[in-house]
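These entries record what I looked up in the structure, beginning with strand pairing and ending with one helix.

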Amino acid sequence: MDLTTLVNEHINLLSDQFDHPELWQRFHQLEHSPNKFYLNDYVVFLKQLLSLQQDPLITKLLNILYAVCSAHAGDYQTAKNILENFSVKFSQCPLVAGALFHVQKIQQPDNPKFDLQDKMCSVPFDRMDILEDSVHLCCASWLKVTVGNLKTQAWNDVWNSPSAELIRASIFDGSYRYCNKMLCPRIQGNQLVPMEKMKNSSPRWKQIIEERKTYLENGPEIINLSYDRTCNLSCPSCRPERYAADNETRKIYAEMQERNIIPLLKKAKWVSMTGSGDPFASKTFRKLLVAINKEEFPELKVDFMTNGMLFTRKEWEKFSHLGGQVARVRLSIDAATKETHELLRRGSHWETMLENMKFIGELYQQKMIDQYHITFVVQLENFREMGNAVDLAKEMGAGLIYFSKISNWGTFSDEEFREKTPFNESHPLYHEFKQCMQDTRLKDPIVSIPDLESFLALV
């Protein structure tokens, strides 16, 4: 096959912009065959094409091919430069993430996190994330593909849509092609479970794995409600200004809740609210919380994701009937000082936050809530405070502090986002970030840090 035909074949394959590890494997085979010279010729040909190409999508795909092939030809620096730049510019693209994941795999062949074959992720088989105009089978940052829309479709048609089945099939074939491999904490933290072990964990999983089931008769056990963006703050990483749903929008939410959400919750075991705003600022979610009871929702546990500013003693009294049904409170702070917190949590008040953090710690000690986690999104303004945040979490009585990289939800330009990510090797503060990651407090048992775990190896 001539090189032009080969490039066209590869471009067509990658044009869906999902990961294609089967293609990367072909380059691996070429690298370790007598035809390695052909791989070098291909790299030179790709470079020539890039100098002539003007179409943005084709240029992107050619660069990805060029990067992966360069890595297989031994030029890791070129590959990393291209793909780390793209990981900022196209931060939620599974193809870019998959290519960078593969290049890292070449450099770390003995690292088990890169071996996804015969590994099971339970999330798309258990979970439904409901956004304003789309539904996902995981966090949308890690699994961008939508499987439907509960405003217009019945929940079962969404849960078993063609896209949903393709996502589950990608787990069975080991490609995980729809997932963002660089952001997913289960992949980055090597937390995927061997299929054989998962198969033996329950009759349900035995059937799912042995039959490779992608169509699931029972609905999701875990539901994340993220369709109301109403929030009392306007954090720069999320939105330029405060937002509150108007009456017409709340009416649409109410209809969707009555038709789809409540029937799902009555059979579910876990509901999270909310990854889109704050549950205590939302009239829609507050109404739903009042309706939840042990009689109609016998197995349901509630997981709060909140900025904490409205989680006061007075507000808790309005929802105290949930005591014993609260599985977890996840409190997002992103700082360990007043200045940084009020910068990154625009509209917040540090003293109120500290008071509410202590109160939630009391609820945790009284077993009114099962788990108390603090979350910290790592970025330019706060990475120097990570160690102090561990101390703060322990002082406030939390059971865990979870650190994760910042994602670009469309809030930042490419250049702004590049500046926000000191954990990227091209960032001018990268070496200082690595130094901060050597803080021994980040090795405390209370810390979970899956997508930055590789830095801890230096500690």
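I began with strand 7 and found that its K301 is the bridge partner of W270. Helices (H or I, at least four residues) and strands (E, at least two) are DSSP runs, numbered from the N terminus. The model is predicted: local features need pLDDT of at least 70, side-chain atom pairs count only at pLDDT 80 or more, and totals for chains, interfaces and linings use all residues. Residues are numbered from 1 along each chain as its sequence is written, and side-chain values use heavy atoms, with hydrogens and water left out.

I then looked up the pairing as a whole (two strands pair if DSSP finds at least two bridges between them). Strand 6 and strand 7 (residues 301-306) are parallel, with 4 bridges. Strand 5 (residues 222-226) also runs parallel to strand 6 (residues 270-273), joined by 4 bridges; there, L225 has M273 as its bridge partner in strand 6.

Next I checked the connections. Strand 5, helix 13 (residues 247-267) and strand 6 form a right-handed β-α-β unit, and strand 6, helix 14 (residues 283-291) and strand 7 form a right-handed one. Right-handed means that, with the strands pointing away from the viewer, the path from the first strand over the helix to the second runs clockwise.

Which residues of helix 14 are buried? I noted T284, F285, L288 and L289 (buried: under 20% relative accessible area; exposed: over 50%; 1.4 Å probe, protein chains only). They lie on the same side of helix 14 because they cover an arc of only 130 degrees around the axis, taken from the directions from the helix axis to the C-beta atoms. On the other side, K283, K287 and V290 are exposed.
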